[in-house]
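Open your viewer, pick a cartoon style with side chains on demand, and keep the selection box handy. We will go from stop to stop, choosing something at each one and saying what is there.

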Amino acid sequence: MITTEMKSAYAAMYVLKMLDLEEEDGGVQIGPVLPHDWVPLEDVIESLLVDGKLEVKRRKSLYELTDKGVDYLGTLIDEAETYVEEFDDKEMEDVVAELKQRKLDQMRVRFLWGWYQGEFDDMVVFQQRRGISPVENDWATFLLSDAFYEDLALDLDLG
């Protein structure tokens, strides 16, 4: 249902958001020597570097968004806001029908919705709220897992 490439693309969105947010809002500052819990995202971060969306600020030795990364993040935010504004007061079955009619990627819409609303900012809390058991404490591994996307698919009646 969801490919490794798609998981990586969604994880890249997640990384960009976390690096863009201020620390008091749940953001992080990380450098090339990744904290243990970020190691599963090493390939995702590398692809963001190659794509020119991230760079290493040598003086600080921290990853920072480039202008291209900021522009991409802005496009994602605009897309997510559009979905939230349009579908916020509709029943899920009506949303899914509309997405199918427009031939929009339902999983992308669902991911962006949760990403924008902060639903995934703490993956352990997300799992607990959703009743996922056992809870995967390694949040980055869960973000890249089939279990995460299978759970999101249940909201879309795709599971």
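Start by selecting S61, which at 39% relative accessibility counts as partly exposed. You will find S61 in the loop between β1 and β2. Keep in mind along the way that this is a predicted model. Now check the backbone torsions: the phi of S61 is near 55°, a positive value in a residue other than glycine.

**The hairpin around S61**

Widen the selection to both strands. β1 (residues 54-57) pairs with β2 in the antiparallel sense, over four bridges. The hairpin has four residues between its strands, and S61 with its positive phi belongs to this hairpin. To see how the strands line up, pick E55 and look across: which residue of β2 is the bridge partner of E55? The partner is E64.

**The largest pocket**

Stay with E64, and display the pocket surface if your viewer can draw one. E64 is among the residues that line the largest pocket, along with others including L19, D20, L21, V28, Q29, K60 and Y63. The elements giving two or more residues to this lining are α1 (4-20) and β2 (62-65). Of the elements, β2 gives the most, with four residues. The volume of this largest pocket is about 220 Å³. If you are thinking about the chemistry of the walls, colour the lining by residue class: six residues are nonpolar, five are charged and one is polar.

Another lining residue to click on is E22. E22 sits in the loop between α1 and α2. Is E22 buried or partly exposed? It counts as partly exposed, because its relative accessibility is 47%, and the partly exposed range runs between 20% and 50%. For a sense of scale, draw a distance from E22 to W139: the two are 117 residues apart in sequence, and their C-alpha atoms are 20 Å apart in space.

**Helix α2**

Next, select residues 42-50, which form helix α2, and show V44, I45 and L48, which are buried. Turn the view until you look down the axis of α2: the buried residues fall within an arc of 95°, so they line one face of the helix. What do these buried residues pack against? Their packing partners are α1, β1 and β2, so the hairpin strands come back into view here. Now look at the face of α2 turned away from the buried side, where you will meet the exposed residues D43 and V50. After α2 comes G52, with a positive phi near 80°.

**Helix α6 and its surroundings**

Move on to residues 123-130, helix α6, and highlight M123, V124, F126 and Q127, which are buried. Around the axis they cover an arc of only 160°, which puts them on the same side of α6. On the other side, Q128 and R129 are exposed. To see what covers the buried residues, add the neighbouring helices to the view: the cover includes α1, α7 (139-143) and α8.

One residue of α8 deserves its own click. D151 lies in this helix, which spans residues 146-155. D151 counts as buried because its relative accessibility is 10%, under the 20% limit. What does D151 touch beyond its neighbours within four places in sequence? The contacts are F126, R130 and I132.

A short step along the chain brings you to P134, in the loop between α6 and α7. Display the backbone here: the peptide bond from S133 to P134 is cis, with omega near -5°.

**Two last stops**

Select K103, in the loop between α4 (92-102) and α5 (106-117). Although K103 is not a glycine, its phi is positive, about 60°. With 73% relative accessibility, K103 counts as exposed.

Finish at M1, in the segment before α1. M1 is exposed, with a relative accessible area of 66%. Draw one more distance, from M1 to D146: 145 residues separate them in sequence, and their C-alpha atoms are 9.2 Å apart in space.

Notes:
Residues numbered from 1 in each chain as written. Predicted model: local features only at pLDDT ≥ 70, side-chain atom pairs only at ≥ 80, totals over all residues. Heavy atoms only, no water. 1 Å grid on protein atoms, 1.4 Å probe; cavity = no way out; pocket = protein on both sides within 12 Å on 5 of 7 lines; lining within 4 Å. Points joined across faces, edges and corners; volume = space filled by probe spheres on them. Nonpolar A, V, L, I, M, F, W, Y, C, P; charged D, E, K, R; others polar. Pairing = 2+ DSSP bridges. Buried < 20%, exposed > 50% of the residue type's maximum accessible area, 1.4 Å probe, protein only. Arc of directions from axis to C-beta. Contact = heavy atoms within 4.5 Å.
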